[in-house]
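The following paragraphs walk through the arrangement of strands and helices in a protein model. Please keep the sequence and the coordinates at hand while reading.

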Amino acid sequence: MKKLILINGDLATGKSHFAIIVRDYFNLPLFTKDEYKEEFANHYEYDTYEKNHKLSVMALDEIVNRFKEIAPTGNDLILEANFHENYLKILSDLADTYGYSILNINLVGDPDILFKRYMNRIVNENRHPVHTVNKLDEIEKFRKYTLDRRNEKMYGKVLEIDANNFSYQTDEKILKQIEDFLDK
């Protein structure tokens with residue numbers, strides 16, 4: 001059966017970096033929300049939360065479109081974003097249509113740890129400016145967003161990973177679980 005790996009989860013858990021590790025380890029195509037959002041930001045305004053959010057939606061729609069294009073070929077692939085239930089449902093329905101099984105790798109962490117990491121990224125890391133326009137620059141807003149997202153339904157097999165630190169990114173047991181999913 002064809003395989004779709006979704007790398008999903010809380011903000012500031014290292015999803016994008018882990019997606020690259022998984023891509024390189026298993027030699028699979030990877031599409032990420034950030035790559036599309038940053039490209040769109042080079043062509044559209046994003047100076048307000050509403051405009052920025054629109055770019056996020058456009059990026060997620062583009063990820064869905066890439067899956068629609070690749071799914072008929074039967075190739076395994078990886079999609080990475082902080083997917084919400086509506087997009088997970090769309091991807092799940094497409095996976096069913098094209099005969100894909102899903103592994104949803106859900107990275108989670110303590111909201112207080114993740115908030116510090118998130119704010120550090122905004123202030124100290126050389127990230128694309130599109131990632132600095134947000135409504136989550138207060139701990140209570142960040143915590144609520146994080147905990148609300150965790151209540152959303154996930155589809156496929158779910159592998160939840162503690163991302164309070166980045167040791168999971170080199171954990172051979174986790175890579176073995178992914179390999180087992182791909183080999184079934």
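Strand S3 is covered on both of its faces. On one side Leu77 and Leu79 are buried, and on the other side Ile78 and Glu80 are buried as well. In a regular strand the side chains alternate between the two faces of the sheet. The model discussed here is a predicted one.

S3, which spans residues 77–80, has S2 as a parallel partner, and three bridges join the two strands. In this pairing, phenylalanine 31 stands opposite leucine 79 of S3. S3 also pairs with S1, again in the parallel sense, over four bridges. Here leucine 79 in S3 is the bridge partner of leucine 6. Leucine 79 therefore takes part in both pairings, opposite phenylalanine 31 and leucine 6, and strands of a sheet pair through backbone hydrogen bonds.

The wider setting is an open sheet of five strands with parallel pairing, in the order S2-S3-S1-S4-S5. Its edge strands are S2 (30–32) and S5 (157–162), each of which pairs on one side only. On average, neighbouring strands of this sheet are turned by 15° against each other, with direction ignored.

Two helices can now be placed against these strands. Helix H6, residues 139–150, lies across strand S1 (2–9) and strand S4 (100–108), and runs at about 150° to S4. Helix H7, residues 172–183, packs on the sheet and touches S1, S4 and S5. The direction of H7 makes about 145° with that of S1.

Conventions: Residues numbered from 1 in each chain as written. Predicted model: local features only at pLDDT ≥ 70, side-chain atom pairs only at ≥ 80, totals over all residues. Heavy atoms only, no water. Pairing = 2+ DSSP bridges. Axes fitted to C-alpha atoms, helices over the stretch in contact; angles between N-to-C directions. Contact = heavy atoms within 4.5 Å. Buried < 20%, exposed > 50% of the residue type's maximum accessible area, 1.4 Å probe, protein only.
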